[in-house]
Amino acid sequence: PADVASVPAAPPEPPAAPPKPDRAAERSAPEPGAPVAGDRQVASVPPPPADGEGAGAPAPGALTDIRAALGRRGAGGRTQGRGGIEGAPVPLDSPDPRYSDYFLEVRRRIASNWAFPCLKNRATGQCEYKTARVVIEFGIAKDGRVQFVDVVQSSGFAVYDDYAVNAIKLSSALPAVPDSVSRTGLPVLAHFIYRVETSLSSILR
């Protein structure tokens with residue numbers, strides 16, 4: 001073992017006076033449980049299902065609120081994000097002859113972008129189809145641009161809601177609104193019906 005030099009012990013120093021409390025630090029210190037500047041809370045968001053997988057039937061008592069999930073309705077309600085389009089929506093299947101020719105073309109363009117998706121059953125892995133209905137209000141500007149898309153009544157299946165909404169959004173260049181229909185924009189109410197009978201059918205009205 002190495003030699004260790006013997007060093008005489010230094011005489012003990014008198015005890016130091018206790019530090020004075022820092023009143024300013026006490027005033028600026030956060031209260032227990034208070035948020036600290038710079039700290040952030042990050043909500044945990046579950047990953048989306050794989051492509052082609054539907055959510056299946058909603059859990060009992062749980063209703064899919066697609067408007068909140070996708071933010072399709074502005075925080076200010078029906079007046080924000082509507083591009084000045086106001087008034088009661090006109091049903092897409094209105095019997096009023098003023099709308100018949102125009103709505104026929106609107107329906108044709110939207111239907112060309114719409115499909116009947118498969119919902120994958122997570123328990124069995126089988127592809128299933130459900131009978132469902134999505135009610136959507138959307139606004140058409142005078143020049144044919146889609147101004148807003150609101151899900152008024154969800155189908156209960158997020159995939160079906162999304163397909164209907166996207167069918168409208170992909171038809172962003174709709175025909176211009178004729179003066180005989182409206183001199184400004186036009187709010188429209190559409191029913192997207194997914195039907196399973198002897199064969200699959202999708203109805204837009």
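Biologist: Which residue has its backbone nitrogen 3.0 Å from a polar atom of the side chain of serine 154?

Modeller: The model is predicted, so local features need pLDDT of at least 70 and side-chain atom pairs count only at pLDDT 80 or more, whereas totals for chains, interfaces and linings use all residues. Residues are numbered from 1 along each chain as its sequence is written, and side-chain values use heavy atoms, without hydrogens and water. Serine 154 is found in the loop between β5 (146-153) and α4, and the backbone nitrogen at 3.0 Å from its side-chain polar atom is that of glycine 156.

Biologist: With which side chain does the side chain of serine 154 make a polar contact?

Modeller: Serine 154 has a relative accessible area of 18%, and its C-alpha lies 8.5 Å from that of isoleucine 136, 18 residues apart in sequence. At 2.6 Å, its side chain makes a polar contact (N or O atoms within 3.5 Å, a possible donor with an acceptor; sequence neighbours count only through side-chain atoms) with the side chain of aspartate 161.

Biologist: Is serine 182 buried or exposed?

Modeller: Serine 182 lies in the loop between α4 (158-169) and β6 (186-196), and a polar atom of its side chain is 3.1 Å from the backbone nitrogen of threonine 184. Because buried means under 20% relative accessible area and exposed over 50%, with a 1.4 Å probe and protein chains only, serine 182, at 12%, is buried.

Biologist: Leaving aside neighbours within four places in sequence, which residues are in contact with serine 182?

Modeller: Contact here means heavy atoms within 4.5 Å. With neighbours within four places in sequence left out, the residues in contact with serine 182 are Lys142 and Val177.

Technical notes
Helix = DSSP H or I, 4+ residues; strand = E, 2+ residues; numbered from the N terminus.
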